[in-house]
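Thanks for sharing this one. Here are my notes, set out as numbered points so you can follow them with the model open beside you.

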Amino acid sequence: MVNSQPSPSSMSFDDLFQFLKGISSAIEALRSALEASDMDRLPESLDSTNLALDAIQGYPGGADKLKHDIHQFEPVQTAQLMALLDEASINHQINGDLIRLAMQRSTAMQSFIAQQAPSATYGSDGGVPGSVGGVLSRKV
């Protein structure tokens, strides 16, 4: 799980690695749930992702300070930390796309189901279902 508030002093490499690993793992878990359309895992994954994103915002000095702190280590360590941050960022973008696609799919399915309903067509007497006394003109 993600520590929601890192200490105000500079974090060690291991602490920062664990912090970013928790964030990356939470966002990756949401991606996995979205890709699998696993509605059982989705609420927990969304909550974990929200906590992870809040943890970044709650980092003393914000996201800019986090990036600055990452670059305080040796180049190899910085590369490891940036890889975790980049992975989290990419997965976050993909999650947004997956959520948009799921919403579009849901809208399309609702439209399809509505069109298949008996009330979606005119009655045999020319009446418009759902309207009171509505009859189409026979001249049309």
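1. What pattern does the chain follow when read along the sequence? The answer is α-α-α-α, and the secondary structure comes to 4 helices and 0 strands. Please keep in mind throughout that this is a predicted model.

2. A word on the chain as a whole. It has 140 residues, of which 26% are buried. If you take the contacts between residues at least 6 apart in sequence, 55% of them join residues at least 24 apart.

3. Now to the packing of helices. Two packed helices are described by the angle between their axes and the distance between the axes. For helix 1 (residues 13-35) and helix 2 (residues 42-57), the angle is about 150° and the axes are 8 Å apart. The crossing of helix 1 past helix 2 is left-handed. On the helix 1 side, the contact is made by Phe19, Ile23, Ala26, Ile27, Ala29, Leu30, Ala33 and Leu34. Helix 2 answers with Leu42, Ser45, Leu46, Ser48, Thr49, Ala52, Leu53, Ala55 and Ile56. Sorted by class, the residues of this contact are 14 nonpolar and 3 polar, with no charged ones.

4. One residue from that contact deserves its own look. Alanine 26 sits in helix 1. Is alanine 26 buried or exposed? Its relative accessibility is 9%, so alanine 26 counts as buried. Setting aside neighbours within four places in sequence, alanine 26 is in contact with Ser48, Thr49 and Ala52, and these three belong to the helix 2 side of the contact listed above. You can also check a C-alpha to C-alpha distance here: alanine 26 and aspartate 47 are 21 residues apart in sequence and 8.9 Å apart in space.

5. Follow the chain on from helix 1 and you come to serine 37, in the loop between helix 1 and helix 2. Most residues other than glycine have a negative phi, and most peptide bonds are trans. Serine 37 has a positive phi, near 50°. With a relative accessible area of 41%, serine 37 is partly exposed. Serine 37 also appears in the lining of the largest pocket, which brings me to the next point.

6. Rolling a probe the size of a water molecule over the atoms shows where empty space is left. The largest pocket holds about 210 Å³ of space. Its lining consists of Leu34, Glu35, Ser37, Met39, Leu42, Leu46, Leu98, Ile99, Leu101, Ala102, Met103 and Arg105. At least two lining residues come from each of helix 1, helix 2 and helix 4 (75-116), and helix 4 has the largest share, with 6 residues. The classes divide into 9 nonpolar, 1 polar and 2 charged residues.

7. The second largest pocket has about 180 Å³ of space. Around it you will find Ile27, Leu53, Ile56, Gln57, Ala63, Leu66, Lys67, Leu85, Ala88, Ser89 and His92. Helix 2, helix 3 (62-70) and helix 4 each give two or more residues to this lining. Which helix gives the most to the lining of the second largest pocket? That is helix 4, with 4 residues. By class, the lining has 7 nonpolar, 3 polar and 1 charged.

8. Two asparagines in helix 4 are worth a visit. Asparagine 91 lies in helix 4 and is buried, with a relative accessible area of 5%. Beyond residues up to four places away in sequence, asparagine 91 touches Ile27, Glu28 and Arg31. Asparagine 95, also in helix 4, is buried because its relative accessible area of 2% falls under the 20% cut-off. With sequence neighbours within four places left aside, the contacts of asparagine 95 are Ile27, Leu30, Arg31 and Leu34. Both asparagines therefore count as buried.

9. Finally, have a look at phenylalanine 73, found in the loop between helix 3 and helix 4. Phenylalanine 73 and phenylalanine 13 are 60 residues apart in sequence, and their C-alpha atoms are 7.3 Å apart in space. Phenylalanine 13 is also among the residues that phenylalanine 73 touches; the others are Met11, Ser12, Leu16, Thr78 and Leu81, not counting residues up to four places away in sequence.

Notes. Residues are numbered from 1 along each chain as its sequence is written. This is a predicted model: local features need pLDDT of at least 70, side-chain atom pairs count only at pLDDT 80 or more; totals for chains, interfaces and linings use all residues. Side-chain values use heavy atoms; hydrogens and water are left out. Axes are lines fitted to C-alpha atoms, for helices over the stretch in contact, and angles run from 0 to 180 degrees between N-to-C directions. A crossing is left-handed if the near helix is turned anticlockwise from the far one by less than a right angle, and right-handed if clockwise. Contact means heavy atoms within 4.5 Å. Ala, Val, Leu, Ile, Met, Phe, Trp, Tyr, Cys and Pro count as nonpolar, Asp, Glu, Lys and Arg as charged, and the others, Gly among them, as polar. On a 1 Å grid over the protein atoms alone, a cavity is a set of points where a 1.4 Å probe fits but cannot get out, and a pocket is an open set with protein on both sides within 12 Å along at least five of seven lines; lining residues have an atom within 4 Å of a point. Grid points are joined across faces, edges and corners, and a volume is the space filled by probe spheres set on the points. Buried means under 20% relative accessible area, exposed over 50%, partly exposed in between (1.4 Å probe, protein chains only).
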